[in-house]
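Thanks for making time this morning. I would like to walk you through one structure, beginning with a single helix and then moving outwards, so please have a look at it first.

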Amino acid sequence: MVVPRFWRERRYRYSLIGTRCPVCGTIYFPPRDVCPKCGRESVGKMEEVQLSGKGKVYSYTVVHQNVLGYKYQKPYVMAIIETPEGPKLTGQIVDVDPEEVHIGMPVHAVFRRIAEDGKAGIIQYGYKFVPDKE
Amino acid sequence: MRDVAIIGAGETKYGEHWDKSLRNLAVEAGLKAIEDANISAEDIQAIFGGNMSAGSFVGQDHVGALIADFAGLAELNVPAIRIESACASGAAALHAGYMAVASGLYDIVLVGGVEKMTDLPGDMVTDILAGAADREWEVFFGATFPALGAMMARRYMHEYGLTREQMALLPVIAHKHGAMNPDAHFQREVTVDQVLNAPMVADPLTVMNCSPVSDGGAALVLASADIARKYTDSPIKISASVAANDYISLHERESLTVSKSTVEAGKKAYKMAKKEPKDIDLAEIHDAFSIIALLGIEDLGFAKKGEGIKLAEEGQLYYDGDLPYNVSGGLKAKGHPVGATGVGQVVELVKQLRNEAGKRQVPDAKVGLAHNVGGTMTSSIIHIVEVM
């Protein structure tokens, strides 16, 4: 893979920038050019909005497979996180004992290395989630 | 729109075909269907082929042209187009073939499906299959396809109290049927304990909750219903061919425990076929993961939400029960060569409706339903077929 593929997504993945439809107010992440609820009315009007990074576990799994680019961190926790702004995000939960992860657990987003394309390839960054401190 | 009938059906055995290539599998299935339909090459006016990812699995695109060529049809210049909708590519090809004949554009077409998956190591196959989800916003962050299935299962367990023991009944039933299908990838029965104690892929799904990586091909010959009896005494009518879609990523959906694409396609299919769930004599339901089959059973109207597993507990899903489920063995035991699967489901229905299914024959089968999904139930394509 070449750099632009990851470079073009950097703002959204590093800073959790999504979009809001000004017609109905719904917030989307990842960003969208068209609001699925408002259709053409929303075209050209979608506004950028930054998520707080807060959220709760909506569902999760512990991945035990060999996965391309992730061998160094097996097993790992994958989750869908629901945010107070509305959108749900797919990401890993780290710095946690997999046994302690549960639906409803409060988490927040952190900036982390996601994967790398071999020894000489691009190191890819984005968000992961860690548990809130009790 | 005119009525469309299936006049021929054929498929390869599903499994690890180390000695057969993509083209070998496609041609073998196609020739079997042509032989079964008792037609010759000159009768075929077009080919629609389902294939998810030959470009990634074996580095071959332009699959339609390749298959038509090696089926001996290049001299006849028969048009051949490859159709893709991830794991629903087979049903998508059948949908296209159905439209082509129903519209009157063609009188006889060949619909095929093929996938050659075992030429690559497992982690690469897993990565290619993940392309059925959102590569940039699910897969990038580490979500494999089984991980997405597992998150559907986890949420379902949370909302409806499903246990892993209950969910294990679905692969047990599929394997019971697969053991009676000489073309199935796995022809042996398994126990609940074997499912539960198999290696964990993505908690709560063990490898026995997941369909295998298989090679295989399947094919059907479609004809307009008015000429079908010229070729066969037992044509099977396609009473409904319906597709529907949902958000590609799981995280975008309001619920992980109902598939809106299956609900929508199901409603439209029953209406098109003038049937209700109780009229269905047997169903081939997409069981790439046990949880997807459970949602399929419920969202197709065979059980209320949260109660689908009761059908398994009561024994109704066996071939001699009230709702024979995946009597072919399903994706789990028959196998899941992704592009072939949707076509192969209907090949099984044709065998059953013609009373040619041997040991696993469903008594008095007249109406069958095939449910093929792409992605995490992102695309759902449903066919209802019946004796005519």
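Let me start with α7 of chain B, where 12 of the 16 residues are buried, so this helix is largely enclosed by the rest of the structure. By buried I mean that 20 or more other C-beta atoms, placed from the backbone, lie within 10 Å of the residue's own, whereas 12 or fewer would make it exposed and anything in between partly exposed. Helices here are DSSP runs of H or I with at least four residues, strands are runs of E with at least two, and both are numbered from the N terminus.

Before going further, I should say that this is a predicted model, in which local features need pLDDT of at least 70 and side-chain atom pairs count only at pLDDT 80 or more, while totals for chains, interfaces and linings use all residues. Residues are numbered from 1 along each chain as its sequence is written, and chains are lettered from A and ligands numbered from 1 in the order in which they are written.

Coming back to α7(B), its buried residues include F145(B), P146(B), M151(B), R154(B), R155(B) and Y156(B). At 1.5 Å a residue, counted over one less than the number of residues, the 16 residues of this helix, 145–160, should span 22 Å, and the end C-alpha atoms are 23 Å apart, which agrees. After the helix comes G161(B), with a positive phi near 75 degrees.

Now to a pair of helices in chain B, α4 (residues 89–102) and α16 (residues 338–353), whose axes come within 5 Å and cross at roughly 60 degrees. The axes are lines fitted to C-alpha atoms over the stretch in contact, with angles running from 0 to 180 degrees between N-to-C directions. That crossing makes α4(B) oblique to α16(B), since angles under 35 degrees count as roughly parallel, over 145 as roughly antiparallel, 65 to 115 as roughly perpendicular, and the rest as oblique.

Turning to chain A, we find two helices and eight strands, and buried residues make up 32% of its 134 residues. Its C-alpha trace spans about 45 × 40 × 25 Å along the principal axes.

How many residues of chain A are in contact with chain B? There are 24, and they meet 28 residues of chain B, contact meaning that C-beta atoms placed from the backbone lie within 7 Å. On the chain A side, β4 (54–63), β5 (76–82) and β6 (88–93) each supply at least two residues.

Terms used:
Two residues are in contact if their C-beta atoms, placed from the backbone, lie within 7 Å.
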